[in-house]
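Colleague: I'd like a close look at just one part of this model, the metal site. Please take it slowly and tell me what holds what.

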Amino acid sequence: MAGFDISSGNLLEAISRRRDDYVIVHDFSSGITKIPDEMKNKFGLTTDMPRNFFEQWFKIIHEDDKNLVKTSFDNIHRGISDTHYVEYKVRDKVGGWIQFRERGTVIRDGMGNPDIYLATITNIGKRENIDSITGLRNKKEFENRIKMYIADKKNFGIMILNIDDFKNINALYGREFGDNALRSIGQLIVKSLPSHCTAYRLDSDEFGIIFLNALKSDIKQIFININNRTSVQQEFNGQRYYCTISAGCCKFSETNNSFDILVNNSHSALDFAKEKGKGRIVFFEPKLTENKPRELHLTELLHESIEHNFEGFEVYCQPQVYAESGYLKGGEALLRWKCDEYGNVPPSEFIPILEKTGMIAHVGKWVFEESVRICAKCVKYNPDFKMSINVSYVQLLDESFLDFIDKVISRYGINPKNIIVEFTESCFITERNLVSKAFETIRKKGIKIAMDDFGTGYSSLEVLKEFPADIVKIDKAFVKNIKSSNFDRTFIKFVVELCHDVDIEVCLEGVEREDEYKIVLPMRLDFIQGYLFGKPLSESAFSEQFLKVR
Ligand code: C2E
Ligand code: CA
Ligand code: CA
């Protein structure tokens, strides 16, 4: 062997002291590669003196970069080149992607055959344009490349892919599992692409592909290949899963001529793919947006409002009074939303959309903070003021929500006893374990819990027994026909009696008129919330009417 014995001494360790820079030496005749221990540990390379180092290393190089690395090595083997200078990403033991630059030189023997390969592999850090989970180019790169192609008037199109029901994978198996699924789906997408196409990771479970000079039929075929790969069972940590993917495409043209239009139109096409039953691809056509169902449009507009700092959202407050005296006890925070296209949209329409899309997690935090802020103002006038805040059970899926409650309450310096959270009955039924755990945590903080819309769910009493609330709010449906319906009157009286026996307070919703109030007054209700005592009002109108006059 020429030069020195690479199997002995600490020469290598000595010259590659820096944690993330590695010097490797490969002896072609023995097939032995000497690599620093640091490198072995970080990348889980197995043998002490690996004879198959390049094989192991190649396996963990990102799919995107494999061709480049392979070509460069082939050139060395074929004697075309003596230097190897490539940049590529490698996955470390814990699944993160690291960008490396490898500079290597081949020393040949007297016959011209490769003898020693000596290289430095330098960590050039997490690059801004690389997504850290999948190792793919990120959203910013996607945007830059598209803008460049637009400027050059290239013949190109884009595809936006979204994993169907990815929320379920995350919720069922946890985040680490979800990240791993994203990583492997990213790789499957790359493997399905011809060399002239590039894949990007966009938001959460969304990927993008840019096609140059591609035909619609080719794009369709690529999509089918991707779905064939992801829809077969995959496994991670012993858990099996599979998923389908939906996609929307839009081609650059005279009308689809800006980044925003291309992306929005691809999203519209993607929404259609989902509506039509998922696992399919839809190409954008103008008629998709012309007849766009209201719900899809609202979803988009809600997204925009959130991105623009919750523009169009406002928290209103409706008074709740003591049943007997009619004095103010507190208020319920009720969300309002308006947009230019549709004006005021009722909560019964936009709240279910927020819940379905998961946007409620974000909006719910904003509502909570706004409500606490308004509450802090009210408490200054009336220290016993209680603000009731609606919390959707979807928000309980977000582990950070309970900590968030603490932070907000202490930031505004109010006592938790001034806050009540309202949950609807339906959530008690679908998510028993989660809800009961969250209740315990919330109660421990000193916050009271109200069961909303009581009597409308399918088994209210059973639910109340399992999750005793502090307050029960009887739904307004029981007031509507109270004059004529003996059943409704009896129901209210019965609920009051039952709840009082176990120290639960009762609030009746929907009292609109004097005659209704007269009927319910003897029923020993604790609180009333209804138009008779006040409609939901903006913060300023509420303060004006209910705070100053005290
Ligand atoms: P809810 O929690 O049952 O809120 C009470 C609803 O009854 C409010 O409707 C209120 O305006 C209405 N209401 C109160 N008194 C009367 C009355 O005397 N007569 C009649 N006819 N209606 C009365 P709103 O504001 O339209 O809210 C509808 C639902 O939207 C709420 O029902 C709640 O489930 C949901 N919601 C509102 N804001 C939020 C929020 O911030 N987060 C969540 N998760 N849900 C919210
Ligand atoms: Ca409520
Ligand atoms: Ca209610």
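Modeller: I'll go through the metal ions one at a time, then turn to the ligand beside them.

Some housekeeping before that. Residues are numbered from 1 along each chain as its sequence is written, while chains are lettered from A and ligands numbered from 1 in the order in which they are written. This is a predicted model, where local features need pLDDT of at least 70, side-chain atom pairs count only at pLDDT 80 or more, and totals for chains, interfaces and linings use all residues; side-chain values use heavy atoms, with hydrogens and water left out.

To get your bearings, the domain assignment (bounds from an automatic or database assignment) splits the chain into domain 1 (10-123), domain 2 (139-290) and domain 3 (314-546). Between the C-alpha centres of domain 1 and domain 3 there are 63 Å.

Now for the calcium ion (ligand 2). Its protein donors (N, O and S atoms within 2.8 Å of the metal, or 3.2 Å for Na, K and Ca; water is not among the atoms, so sites may look incomplete) are Glu332 through OE, Asn390 through OD1, Glu422 through OE and Asp452 through OD. They lie 2.1 to 2.3 Å from the ion. Read along the sequence, the spacing of these donor residues is E-x57-N-x31-E-x29-D. Asn390 belongs to strand E16 (residues 386-390) and Glu422 to strand E17 (residues 419-424), so this pair ties together parts that are 32 residues apart in sequence. Strands here are DSSP runs of at least two residues (E), helices are runs of at least four (H or I), and both are numbered from the N terminus.

What about burial? The scale is relative accessible area: buried is under 20%, exposed is over 50%, and partly exposed is in between, using a 1.4 Å probe and protein chains only. Glu422 is buried at 2%, whereas Asn390 comes out as partly exposed at 30%.

Next door is the calcium ion (ligand 3), 4.1 Å from the calcium ion (ligand 2), and Asp452 coordinates both. So which residues coordinate the calcium ion (ligand 3)? Asp452 and Asp453 each come in through OD, and Glu509 is listed twice, through OE each time, with distances of 2.2 to 2.7 Å. In sequence these donor residues follow the spacing D-D-x55-E. Asp452, the residue shared by both ions, is buried at 5% relative accessible area. Asp453 has 22% and counts as partly exposed.

That leaves ligand 1. It has 20 residues around it, counting any residue with a heavy atom within 4 Å. The closest are Gln318, Arg336, Asp452, Glu512 and Tyr531, so Asp452 turns up again, having already appeared as a donor to both ions. There are also some polar contacts to look at (N or O atom pairs within 3.5 Å; within protein, one must be able to donate a hydrogen and the other to accept it, and residues adjacent in sequence count only if both atoms are side-chain atoms). A nitrogen atom of ligand 1 sits 3.0 Å from a polar backbone atom of Leu335. An oxygen atom of ligand 1 is 2.9 Å from an N or O atom in the Arg336 side chain. For the side chain of Asn390, an N or O atom is 3.2 Å from an oxygen atom of ligand 1, and Asn390 is also a donor to the calcium ion (ligand 2) through OD1.
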